[in-house]
Amino acid sequence: RRDSFVLHRVVLHPALVCTRPSTMCAPAVHAPPIEPKPSGLWFALGMLFLVLDQAFWGLPMPFVALFIWATSRAILALTGYEVPLWLVTPWDTLCCMYLRGHGVRILDADTGASTGAADGLAIPGITSFRGVLLMNHRSWGDFVVDPYQGHCAVVARFAAVAVTCFAGVLGRLCSRVIMIERGKTSRAQLLDMCRSHDRYLIFPEGTRRAGTPGSDLPVSLAGVGGLKNIWESRRDALVVITANKERIVNERHGRASYNTTLYRARAAAPVRPSEHATFEEFHAALEATWRETWARAYALRDECERGGRVAPYLAAGGRNSAASRLGKTPASKEMM
């Protein structure tokens, strides 16, 4: 798969380069070092700040978001302006406020756009995509970042919804959270709950991986049940990998931060069940696409953060400057 990477002119992390077919590549033995966990007083203070941050966004802010949403929608109804993505539901408003409040901006591997603007955080062309988004799972913050990027519902465990308090309730009421109970919700029940959604997202790794050995390297997709549902429902699957999400909030290290740059890469085209004869072939195609997209996202992060290269990257217009000038990317055109 080396040739496919060269098309994007990405300097790959050595641990991700493989001359064998993508489905045969495995993470290298020498993984990047794990960021050390703060100890003693610093960890306690960081955890306290994290708890206060999450309580702030889970308790009073859902009501603030609901008020802002209702007021803004009323104004838009009177003026006739189009409803932006961040005002579609109160949940979208809350997610946007959370991301803006944490100073999040996203650098896109295809468009070269670096933005913290409300609708600019969403994946370009995502509203035209019908299917399932497969995203990497890093920390609690993923349940805000990724649904807003994909402008869709997220499959989440009951415990993850409960810990967010009123924010989780708001997500449920807005049909932006598909809640399951691990060990109790069957695959058939999950499939039935997802039918009403034109687009939803899952975390096929099965668990949060930030701070674990080899967490910056891709692993084999563990969410076989969710992947079988995609296959059986004949839905397209789009892989989106975003690096640095754990720098917004990191429950393992007791951290909540402001002014975080994320690095996003999307597969050039969705993986379609209709193009594969068996589930095994479909799964192998997802694995290959997952690894390639992962490599692009983390190579972009390494390229930009070593020596502060974000500005030169933006000046060059991203990986596909011609597509960026046209306002379309190969991925967005495939989704339409």
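**Close-up views of the predicted model**

**View A. F166 counts as partly exposed, with a relative accessibility of 41%.** The model shown here is predicted. Eight aromatic pairs turn up in a search of the whole structure. In one of them, the ring centres of F63 and F166 are 5.1 Å apart and the planes meet at 70 degrees, so this pair is edge-to-face. F63 belongs to helix α3 (residues 61–79) and F166 to helix α7 (residues 166–173); with these positions 103 residues apart, the pair links distant parts of the chain. F63 has 48% relative accessibility and therefore also counts as partly exposed.

**View B. W231 and F279 form an edge-to-face aromatic pair.** Their centres are separated by 6.5 Å, and the angle between the planes is 70 degrees. This pair also links distant parts of the chain: W231 sits in helix α9 (residues 224–233), while F279 sits in helix α10, 48 residues apart. W231 and F279 are both buried. Each ring has a charged side chain over it: the charged end of K228 is 5.8 Å from the centre of the F279 ring, and R234 lies over the face of W231 at 4.4 Å from the ring centre.

**View C. L133, L134, Y200 and I230 touch the most other members of the largest nonpolar core, which has 50 residues.** Helix α10 (residues 279–305) is the main contributor, giving ten residues to this core. A separate core of 24 residues includes Y98, L99, V144 and A256. Y98 also forms one aromatic cluster with F56 and W57.

**View D. L134 makes contacts beyond its sequence neighbours.** With residues within four places in sequence left aside, its contacts include I202, P204, L221, L227 and I230. A237, L238, V239 and V240 are also among them, as are L286 and W290 from further along the chain.

**View E. The side chain of D108 reaches backbone nitrogens of D110 and T111.** D108 is in strand β1 (residues 105–108). Its relative accessibility is 1%, so D108 counts as buried. A polar atom of the D108 side chain lies 2.8 Å from the backbone nitrogen of D110. The backbone nitrogen of T111 is reached at 3.1 Å.

**View F. The whole protein chain has 13 helices and ten strands.** Of its 336 residues, 52% are buried. Among contacts with a separation of 6 or more, 75% join residues 24 or more positions apart. The chain exposes about 15,400 Å², of which carbon and sulfur atoms supply 60%.

Terms used. Residues are numbered from 1 along each chain as its sequence is written. This is a predicted model: local features need pLDDT of at least 70, side-chain atom pairs count only at pLDDT 80 or more; totals for chains, interfaces and linings use all residues. Side-chain values use heavy atoms; hydrogens and water are left out. A nonpolar core is a set of buried Ala, Val, Leu, Ile, Met, Phe, Trp, Tyr and Cys residues joined through side-chain atoms within 4.5 Å. Buried means under 20% relative accessible area, exposed over 50%, partly exposed in between (1.4 Å probe, protein chains only). Helices (H or I, at least four residues) and strands (E, at least two) are DSSP runs, numbered from the N terminus. Contact means heavy atoms within 4.5 Å. Accessible areas come from the Shrake-Rupley method with a 1.4 Å probe; for residues, only the protein chains shown count as cover. A polar contact is a pair of N or O atoms within 3.5 Å; within protein, one must be able to donate a hydrogen and the other to accept it, and residues adjacent in sequence count only if both atoms are side-chain atoms. Rings of Phe, Tyr and Trp (its six-membered ring) pair if their centres lie within 6.5 Å; planes under 30 degrees apart count as stacked, over 60 as edge-to-face and the rest as tilted. A charge sits over a ring if NZ of Lys or CZ of Arg is within 6 Å of the ring centre and within 35 degrees of the ring normal.
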